[in-house]
Amino acid sequence: MRWVWRWIFWGTLTGVVSGFGAIFFNFLLQQGTQFFMKDLITFILGDAREEIFLGFPIQRWMILLIPSFGGFLSGFLVIRFAPEAEGHGTDAMIESFHRKKGIIRKRVPFVKTIASAITIGSGGSAGKEGPIAQIGSGFASFLASLLKMDERERRLLLLAGASGGISAIFKAPLGAALFATEVLYRKPEFEFEGIIPSVISSIVAYTVFTLYYGWGTIFQVPKLSPVIAPSELLVYSIFGVLCAIIGFCYIHFFYGMRDRFFKKLTSLGPLKPALGGLMLGGVAFFFPQVLGGGYEWIQSAINGNLTVWTMFALVFAKIVATSFTISSGGSGGVFAPSLFIGAMLGGFYGKLFSELFPELLIIPSSFVLVGMGGFFGGVAKVPVASLIMVAEMSGGYNLLVPLLIVSTISYLLLGEISLYEKQVSSRVDSPAHMGEFAINILDHISVKKALPPERKVELIPENMKLDRIIKLIVNSNQMNFPVVDQKGHLKGILSLTDVKKVMLNKELYPLIVARDMATLKVHTVTPEDNLHTALKKMTEAEIRELPVVSTEDHKKVISMLSRKDILRTYYEEIEKMNRERPPII
């Protein structure tokens, strides 16, 4: 009972502050939008804002410059005061939970608040979820330090802070609590210990926020039929496949812009978000709907006021606009842009089907809502939280079945691909739970016991050319290959990812050898080490296989140990213990 009352108190306190933080952040967003999109343009143009230049109003030409100016201000704040506030924020919260013991610097919430208000207010294609998650979790981290909590309690309070902020600003208390505990992992797992604190914080923050801004859902939807025909389920299933395809394109373009373009512009500093804003302005000049979160355009799609091909074009325009804004270092979330993309994709698909097959009696607005939840559920790996959040934001509870179908199909087809790169696969992959994974059992099992006796390891000489390496890899079942010198001594490790980075450029084949591509810092274990030691090394290095070296000669590779070997041996040991346990009489 002491534990229960403590968490009721801490969750309530976190919820109150998260609720007021959401009110303050929303106020700054409104003021930022008013300043950048109205006051600043009026000040610069004066009476000339209605004049026409090259067929367009002068005011519209300002769209090219305002996001760039906002990007510069945001970039300067972030780089100067808190570099971890860059990007979409939720990843920072996830990384803090897994790898930073739940610690967030005190200044981060304040910098994130101002930088995000500037980015979104100046038209940046970003949302509120990332900033408010980092704001709420940042306060929770400060409170945990004040109360001298241990690591486990600090991490749980971090989730409560994030869920409180998201619950308030999206008016989705249950969905926010599930989101904060589900978004940590790519596989269908929850941080179940954090659900109760997150629910308490969500309810309190939601109450505080709605007492100030009023009750009601964010989106207004028409009355929908509670009955879904079997033929519609097939149409929704096909739509789930489409969501996965567009989600794949979205994620790869988003991170491709960051890694292949903006990351290379290291000398620009705060000018990178300014450049991203300028590129966004180029898109917004022709598609002004991509500016900001775009909730009003989602509502227009729900109301059926957008044409089929307008919605189709906006899907890709929003992907490009969001990538320019956030991949360049702008501060904002990816939840609202993902909702926008899903809504436009659903509106396009539903309206097209209703025109092609009028006998199916399809309601396009239903597909707008299902697209929002189904698309985000797949790209963010939160199939449960996304459908609850969309239902709470719109009141469309009649669509839970199609939401579940679309989000599940999209989630499964996308596999390990996720919009949140700091997610880990499952609890066993998280450093936060490293100590909980049956350590007592793994401590007493040697690496030698986990190695299949028939396993043969392919070794790659350090001077082997790339074309021969590719042939060897194609004919092998290994994922990682030890690189050895002429004496057979371990010099590095070569993964499939390392080879993929260079294999498309065939001009390099005669020039590159294994040593050039290999990772030289190699973590190893011996047959006498225990599996706990091996798992700890895998978790810390974020790898799935370790070379096993001879006890007498640590440079001689004798086998490879994988996570699957550890799991298989662990479950075999559990079964053995169950068989040897005396029967209950």
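Student: Between which two helices does the loop with Asp429 lie?

Tutor: Asp429 lies between helix H17 (400–414) and helix H18 (439–442). Helices here are DSSP runs of H or I with at least four residues, strands are runs of E with at least two, and both are numbered from the N terminus. The model is predicted, so local features need pLDDT of at least 70 and side-chain atom pairs count only at pLDDT 80 or more, while totals for chains, interfaces and linings use all residues. Residues are numbered from 1 along each chain as its sequence is written, and side-chain values use heavy atoms, with hydrogens and water left out.

Student: Why does Asp429 count as buried?

Tutor: Buried means under 20% relative accessible area, exposed means over 50%, and partly exposed lies in between (1.4 Å probe, protein chains only). Asp429 has 11% relative accessibility and therefore counts as buried.

Student: Which residues are in contact with Asp429, leaving aside its neighbours within four places in sequence?

Tutor: These are Val424, Thr539, Arg544 and Arg563, where contact means heavy atoms within 4.5 Å. By contrast, the C-alpha atoms of Asp429 and Trp309 are separated by 43 Å, with their positions 120 residues apart along the chain.

Student: What makes Lys101 partly exposed, and what makes Lys148 exposed?

Tutor: The relative accessible area of Lys101 is 43%, so this residue is partly exposed. For Lys148 the value is 77%, and the residue is therefore exposed. Lys101 is located in the loop between helix H4 (90–99) and helix H5 (108–121), and its phi is near 60°, a positive value in a residue other than glycine. Lys148 belongs to the loop between helix H6 (129–146) and helix H7 (151–170); here phi is near 55°, again positive in a residue other than glycine.

Student: How do you know that the span of helix H3 agrees with what is expected?

Tutor: The expected span is 1.5 Å times one less than the number of residues. For the 16 residues of H3 (residues 66–81) this gives 22 Å, and the end C-alpha atoms are 23 Å apart, so the two agree. Among the buried residues of H3 are Ile66, Pro67, Gly70 and Val78.

Student: What makes helix H13 mostly covered?

Tutor: Of its 20 residues, 14 are buried. H13 (residues 308–327) reaches 29 Å from its first C-alpha to its last, close to the 28 Å expected. Just after H13, Gly329 takes a positive phi of about 110°.

Student: What covers the buried residues of H12?

Tutor: The cover includes H7, H13, helix H14 (335–356) and helix H15 (364–380). The buried residues of H12 (residues 295–303) include Tyr295, Ile298 and Ala301. Gly304, just after H12, has a positive phi of about 80°.

Student: How many helices and strands does the chain have, and why is the chain called as compact as a globular protein of its length?

Tutor: The chain has 24 helices and seven strands. Its radius of gyration is 26 Å, close to the 25 Å that the globule rule gives for 585 residues, so the chain is as compact as a globular protein of that length. The radius is taken over C-alpha atoms, and the rule is 2.2 Å times the number of residues to the power 0.38. Buried residues make up 56% of the chain, and the C-alpha trace spans about 85 × 70 × 60 Å along its principal axes.
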